[in-house]
Amino acid sequence: MSQIKCFRESSLSLHQSRYFQNTSTDFPSVRYFGQVWERAFPLGDPTQLYGTPLGISTNILPKLSLVEAVYCFHQYKFKHIELQLEFRARYDYALPEVERFLEGCKLNFGMDFTVHAPYLKINLGANDEDLRSYSCLQVATLIPFCAELGVRYLTVHTSGRGAHSLEQLLRSLELLVSQTQKYGICICLENTGADRPGWLLLTDEECITACYTTGCALTTDFVHVFSLTSDPFATLEKLLPFTRNCHLADTYNNQHLHLPLGKGNLPVHQILAALDKHSYRGKLIVDALDRGYRAEEYIACAAAFRDN
């Protein structure tokens, strides 16, 4: 991406979304179980939790373009953004003006990005070779975009489209890792959660096998871990050495829900302590929009947790 025109603060206003106008969200009013949020990291930079930068995913704003979503997050002072290339973003990420905008956000505002590949209409573990090849191609087309933007971590996800197997998934991962390594991009396989009939669900042992046999790493989603195992912290002890990216949301009684932080009972601070124990220094991305909550609530709760 040569001769990039850097966007200035004033030019960002051209892309401002009306999504948050007239919102009633009030950051100081956000509470956690009726109590004011505790400081997760009382000394140093409040935008980091136990040394782990807190970021947010564009999948919280699925109806907006990437430019609109990133601009909204800029307003709320988020610097670490995961670009979920699903829904509308699946088609607009490669537009030259979008690439220039994102590069400008990096240079002018210190943003950095991870990328989550689409997965709803593809299946990297498909037994059907045509579908598997098509799925690999859909992920591989993101590599130049990631390389130009300086993205280090590209997350991929299993799917429920068609018959599938672990062996086929490993073949796809091995191919993708071979294509991304020369660009310094790490393919991160996301662990799966419960209550997804027909999906290729991975045990912690299978996730680790994928890392050993293909050279990929993991994106560890904490809601998925807690929904799928009776001893989540033992599972985390196994997964965290292979983890390079994390997804964080709240849940209630270990269900496969992705709630705004503070709306459930996930032991978030214990999870952060586990990350600190393993000297994790990757991103911690608040992601997923669940039914019954507005995007504003996810963003406000994440910002309150980050800043208090």
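How much space lies in the second largest pocket? I would like to begin there, and the answer is about 240 Å³, although you should keep in mind throughout that what we are looking at is a predicted model. Of the 18 residues that line this second largest pocket, the ones closest to its centre are Arg-152, Tyr-153, Arg-281, Gly-282 and Lys-283. If you sort the lining of this pocket by class, you find six nonpolar, six polar and six charged residues. Two strands each give at least two residues to that lining, namely strand E4, which covers 112–116, and strand E8, which covers 243–248, and E4 provides the largest share, with three residues.

Let me now turn to the largest pocket, which holds about 640 Å³ of space. It has 25 lining residues, and those closest to its centre are Tyr-119, Arg-196, His-258, Ala-288 and Leu-289. The classes here are eight nonpolar, 10 polar and seven charged residues.

Besides the pockets there are cavities, and the structure holds two of them at 30 Å³ or more. The largest cavity contains about 60 Å³ of space. Its lining includes Thr-58, Asn-59, Leu-61 and Pro-62, and also, further along the chain, Gln-84, Glu-86, Phe-87, Arg-88 and Ala-89. By class, the lining of this largest cavity is made up of six nonpolar, four polar and two charged residues.

One residue of that cavity lining, Leu-66, leads us to the helices, since Leu-66 in helix H2 is also among the residues that meet helix H4. The axes of H2, residues 66–75, and H4, residues 96–109, come within 10 Å and cross at roughly 15°. Angles under 35 degrees count as roughly parallel, and H2 and H4 are therefore roughly parallel to each other. Their crossing is left-handed. On the H2 side the contact is made by Leu-66, Val-67, Val-70, Tyr-71 and His-74, while on the H4 side you will find Val-98, Phe-101, Leu-102, Cys-105 and Phe-109. Taken by class, this contact has nine nonpolar residues, one polar residue and no charged ones.

The next pair is helix H5, residues 129–140, with helix H7, residues 166–180, and here the axes again come within 10 Å but cross at roughly 35°. The crossing of H5 and H7 is right-handed. From H5, the residues Glu-129, Arg-132, Cys-136, Val-139 and Ala-140 meet Gln-168, Arg-171, Ser-172, Leu-175 and Leu-176 from H7. These residues divide into five nonpolar, two polar and three charged.

Which way do the helices of our last pair, H8 and H10, run relative to each other, roughly parallel or roughly antiparallel? The axes of H8, residues 204–214, and H10, residues 232–239, come within 10 Å and cross at roughly 5°, and the two helices are therefore roughly parallel to each other. In this contact, H8 contributes Asp-204, Glu-205, Cys-207 and Ile-208, and H10 contributes Thr-235, Lys-238 and Leu-239. By class there are three nonpolar residues, one polar residue and three charged residues in the contact of H8 with H10.

As you go back to the structure, you might start by finding Tyr-119 and Arg-196 in the largest pocket, and then look at Arg-152 and Tyr-153 in the second largest pocket.

Methods
Residues numbered from 1 in each chain as written. Predicted model: local features only at pLDDT ≥ 70, side-chain atom pairs only at ≥ 80, totals over all residues. Heavy atoms only, no water. 1 Å grid on protein atoms, 1.4 Å probe; cavity = no way out; pocket = protein on both sides within 12 Å on 5 of 7 lines; lining within 4 Å. Points joined across faces, edges and corners; volume = space filled by probe spheres on them. Nonpolar A, V, L, I, M, F, W, Y, C, P; charged D, E, K, R; others polar. Helix = DSSP H or I, 4+ residues; strand = E, 2+ residues; numbered from the N terminus. Axes fitted to C-alpha atoms, helices over the stretch in contact; angles between N-to-C directions. Parallel < 35°, antiparallel > 145°, perpendicular 65-115°, else oblique. Left-handed = near helix turned anticlockwise from the far one by under 90°. Contact = heavy atoms within 4.5 Å.
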